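Trainee: I would like a close look at one part of this model. Please take a single strand and follow its surroundings outward from there.

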Amino acid sequence: MMMKIGNVKIKNRLFLAPLVDITDLQYRLICREYGAGMAYTEMLNIGSILNKSKKSEIMMKTSPKESPSGIQITGNSIDDFKKVGKFIDKFDIVDINCGCPSTRTIDNSSGSFLLKDPIKLGKMVSVLKDFGFNTTVKIRLGFEKNNVIKIVKEVEKFGVDAITVHARLSNESRNVKADWEWIKKVKNSVGVPVIGNGDIFNGKDVEKILDICDGAMIARGAIGDPAIFERILYYLKNGEELDFDLRKNINILLKYIKMEKMNDEFNHWVKRVSCCFLKGFSGSSKYRDRLMKCNNLNEIEKLVQNIKI
Ligand SMILES: Cc1cc2nc3c(=O)[nH]c(=O)nc-3n(C[C@H](O)[C@H](O)[C@H](O)COP(=O)(O)O)c2cc1C
C-alpha cells in the first residue's frame with residue numbers, strides 16, 4: 001500500500017484533500033490518526049504567505065506528528081514563487097493549486113486560471129524543484145475546455161513529482177459527475193504517480209480508482225468524518241464496507257475539539273467544521289444551531305458532551 005512522491009514515503013494511498021477553512025493542523029492530524037496517509041494545508045495564496053497574514057500563519061502550523069507534511073500554495077507570478085521558498089521550507093511536499101474556481105482566485109489569475117497556461121505552470125514547478133521541494137500539482141481537466149494531457153506532459157517535463165487530477169473542468173459544478181476516464185488517460189500519459197480525485201466516498205470507490213491510478217484523494221467525504229479513512233482501509237483489506245458509526249464520530253469530534261483547545265486562540269472555522277460532524281440523527285439541526293451560538297471551545301465541548309443520540 002505504501003507509495004512514494006519524490007523522495008517522500010507515504011504509508012498508504014489515501015490522501016485528505018486540501019480544504020479551505022477545514023484542514024488546519026488539528027484536522028489534518030485527526031484524519032491521519034484515522035488512516036489518511038497524506039494531508040495538505042488549505043490553499044494559501046503566496047501573497048498572504050509573504051505578507052505573513054495571520055490566517056496563513058495559523059494554517060501553516062505543522063508538527064513532527066504529521067509526517068510527511070504538505071502545503072498547498074497558489075499564485076500568479078513566477079517571481080512570487082521564487083520568493084516563497086524560504087517561508088515554506090518546513091514542509092516535505094509543496095502542492096500548487098491549479099483547480100480553485102472561485103472568482104477571487106481567478107480574478108487574481110491563480111488557481112484554475114493557471115490551467116490556461118501550461119508552460120507558465122511548468123515554470124512554477126521548475127522554480128519549486130530548484131528549491132529542492134518535492135513538488136506536486138492539483139489540477140482539473142482544464143479551465144473551460146479540456147487540455148489536461150497538454151498540462152500533465154508540460155509539468156512532467158519540468159520535473160513534477162506527482163499529479164492530482166480532480167476530474168472536472170473548472171467551470172463544472174459538483175452536479176457534473178467526475179470523469180474518471182480522464183484520470184486513466186492521464187495515468188497512461190505520464191510516468192509520475194497520479195492521484196485521482198472527485199466523487200470518492202467509500203471503499204468500493206477507492207478500490208476502483210486505485211485500479212486506474214496510484215492514489216485516492218478525498219474531500220467532501222472526509223468533512224466531519226475523519227473515520228472514513230479507517231473504513232476505507234478496512235474495506236481494502238477485508239472487502240466489506242463498515243457502517244458509519246455516529247457515536248464514534250461524536251467521540252472523534254470531542255478529540256478534535258480537545259486538540260483545537262491547545263491553540264492560544266479560538267479559530268472561527270472550528271464551529272463550522274464541528275457542525276459537519278453533527279448530521280444524520282434526530283435533533284442534529286437543533287444541535288448545529290446551538291453550536292453556532294457558542295462563544296468558545298469550552299462551550300462547544302460541553303454541548304457536544306451532552307448530545308443524546
Ligand atoms: C469546502 C471545500 C473547500 C475546498 N478547498 C480546497 C482547497 O483549499 N484547495 C483545493 O485544491 N481544493 C479545494 N477544494 C476542492 C477539493 O479538494 C476536491 O478537489 C473536490 O471537492 C472534489 O473532491 P470530492 O468529490 O472528494 O469532494 C475544496 C472543496 C470543498 C468542498
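Mentor: Start with a cut-off. A residue counts as buried if 20 or more other C-beta atoms lie within 10 Å of its own, as exposed if 12 or fewer do, and as partly exposed in between. Keep in mind that this is a predicted model.

Now take strand β10, residues 215-218. Its side chains split two ways. G215 and M217 point to one side, A216 and I218 to the other. Both pairs are buried.

Next, the neighbours of β10. On β3, the pairing is parallel and rests on three bridges. F15 has M217 as its bridge partner in β10. On β9, the pairing is parallel too, again with three bridges. Here N197 has M217 as its bridge partner. So M217 is the residue to keep in view, because it is buried and partners both F15 and N197.

How does the chain get from β9 to β10? It passes through α9, and this β-α-β crossover is right-handed.

The loop at the start of that path deserves a stop. Between β9 (194-197) and α9 (203-212) sits D199. Phi of D199 is near 65 degrees, a positive value in a residue that is not glycine. D199 counts as buried, because it has 20 C-beta neighbours inside 10 Å.

Compare another loop, the one between β3 (14-16) and α1 (25-33). D21 lies there. Phi of D21 is near 60 degrees, also positive in a residue other than glycine. D21 is partly exposed, because 15 other C-beta atoms lie within 10 Å of it.

Go back to β3 and move on to β4. These two strands pair in the parallel sense over two bridges. F15 turns up again: it stands opposite M38 in β4. Strand β4 covers residues 38-45, and eight of its eight residues are buried, so the rest of the structure largely encloses it.

From β4 the walk continues to β5. The two are parallel and joined by four bridges. M43 stands opposite Q72 in β5.

Just ahead of β5 there is a backbone detail to check. P68 lies in the loop between α3 (54-59) and β5 (70-74). The peptide bond between S67 and P68 is cis, with omega about 0 degrees.

Now the ligand. Which residues come nearest to it? Of the 20 around it, they are A17, P18, M43, A219 and R220. M43 therefore has two roles in this picture, because β4, where it sits, is largely enclosed, and M43 is also among the nearest to the ligand. By class, the shell holds nine nonpolar, seven polar and four charged residues.

Last, step back to the whole chain. It is divided into domain 1 (7-238) and domain 2 (246-305). Their centres, taken over C-alpha atoms, are 27 Å apart. The contact takes 13 residues from domain 1 and 14 from domain 2. On the domain 1 side, α1 gives the most, with four residues. That side has eight nonpolar, two polar and three charged residues.

To recap the strand we began with: β10 pairs in parallel with β3 and with β9, and its residues are buried.

Note on methods: Residues are numbered from 1 along each chain as its sequence is written. This is a predicted model: local features need pLDDT of at least 70, side-chain atom pairs count only at pLDDT 80 or more; totals for chains, interfaces and linings use all residues. A residue is near a molecule or strand if its C-beta atom, placed from the backbone, lies within 6 Å of it. Ala, Val, Leu, Ile, Met, Phe, Trp, Tyr, Cys and Pro count as nonpolar, Asp, Glu, Lys and Arg as charged, and the others, Gly among them, as polar. Two strands pair if DSSP finds at least two bridges between them. A crossover is right-handed if, with the strands pointing away from the viewer, the path from the first strand over the helix to the second runs clockwise. Domain bounds come from an automatic or database domain assignment. Two residues are in contact if their C-beta atoms, placed from the backbone, lie within 7 Å.
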